Amino acid sequence: QMERERAAGREVVFYFVLIGHGDIGPGGEGYVSLLDGPFGRTDLYREVIARSPATINHIIVDACNSYFLVHSRGGEGDGDEGPGHAEAVAAYVRDLDLGRHPNTGVLLSTSAATDSHEWSAIAAGVFSHEMRSALTGAADANGDGGVDYSEVRAFVAAANLRVEDPRARIDMHAVA
């Protein structure tokens with residue numbers, strides 16, 4: 001249906017939302033645990049972003065270490081194995097770079113290797129709650145009826161100003 005809409009000249013917007021338990025695998029790749037196994041950075045880029053026929057993709061992730069579901073952690077010894085290995089690694093990860101997908105933006109609950117907290121009072125993740133509030137209009141700072149990435153970022157930052165425990169404060173990562 002997205003391909004038909006694009007062929008008809010219409011803009012197609014795709015939202016991909018993951019909420020769950022995330023971690024970083026032994027190779028430094030972030031993942032979210034699904035019932036049938038981990039869903040990692042490679043899966044996100046190859047199975048979702050690269051295959052999406054949408055005009056615009058919005059990726060929203062609320063999970064511990066969500067930053068590494070989109071960005072590479074790197075690792076010790078990169079390039080130490082000689083030019084053949086370094087070139088092979090570079091070719092493999094080249095497509096796993098957000099910069100190669102200019103129609104894709106991300107809103108992530110973490111900007112580093114950190115936890116994303118849940119709050120029993122709202123029976124959900126704090127970031128998920130803040131995102132729902134932001135996207136339903138609370139972040140529309142300029143009153144234009146839409147919410148852009150800078151407004152979401154500002155809304156989440158303001159919502160966390162009074163959080164006293166720095167471990168529970170959301171330090172989101174956003175790329176328009």
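In what order do the three strands of the open sheet stand? They run β2-β3-β4, with antiparallel pairing. What you're looking at is a predicted model, and besides that sheet it's worth getting to know a nonpolar core of 17 residues, three aromatic pairs and a helix that spans less than a straight one would.

**The open sheet**
- β2 (22–24) and β4 (37–40) sit at the edges with a single partner strand each, so one side of each has no neighbour in the sheet.
- On average, neighbouring strands here are turned by 40 degrees against each other, if you ignore direction.
- β3, which covers residues 30–34, pairs with β4 through four bridges in the antiparallel sense.
- Look along that pairing and you'll find Ser33 opposite Pro38 of β4.
- Helix α2 (residues 41–49) lies across β3 and β4, and it runs at about 65 degrees to β4.

**The cores**
- The largest nonpolar core is built from 17 residues, and Phe16, Leu18, Leu44, Ile59, Val61 and Val70 have the most contacts inside it.
- Two or more residues each come from β1 (13–19), α2, β5 (56–62), α3 (67–70) and β6 (104–108).
- Helix α2 gives the largest share of this core, with four residues.
- Another core lies apart from it, with 13 residues, including Ile60, Val126, Ala139 and Val152.
- Which residues does Ile59 touch, leaving out those up to four places away in sequence? Its contacts are Phe16, Leu44, Ile49, Thr104, Gly105, Val106 and Leu107.

**Aromatic pairs**
- There are three aromatic pairs in the structure.
- In one of them, Phe14 and Phe16 form a tilted pair, at 6.2 Å centre to centre and with 40 degrees between the planes.
- Phe16 has 17% relative accessibility, so it counts as buried.
- Tyr67 and Phe68 make an edge-to-face pair, with 5.1 Å centre to centre and 85 degrees between the planes.
- Both Tyr67 and Phe68 are buried.
- Ring pairs also tie Phe14, Phe16 and Phe39 together as a cluster.

**Helix α5**
- How far does α5 (residues 126–138) span between its end C-alpha atoms? It spans only 15 Å, whereas a straight helix of 13 residues would span 18 Å at 1.5 Å a residue.
- Buried residues in α5 are Val126, Phe127, Ser128, Glu130, Met131 and Ala134.
- As background, an α-helix has 3.6 residues a turn, so residues three or four places apart point the same way.

Conventions
Residues numbered from 1 in each chain as written. Predicted model: local features only at pLDDT ≥ 70, side-chain atom pairs only at ≥ 80, totals over all residues. Heavy atoms only, no water. Pairing = 2+ DSSP bridges. Axes fitted to C-alpha atoms, helices over the stretch in contact; angles between N-to-C directions. Contact = heavy atoms within 4.5 Å. Expected span 1.5 Å × (residues − 1). Buried < 20%, exposed > 50% of the residue type's maximum accessible area, 1.4 Å probe, protein only. Core = buried A, V, L, I, M, F, W, Y, C linked by side-chain atoms within 4.5 Å. Phe/Tyr/Trp six-rings, centres within 6.5 Å; stacked < 30°, edge-to-face > 60°.
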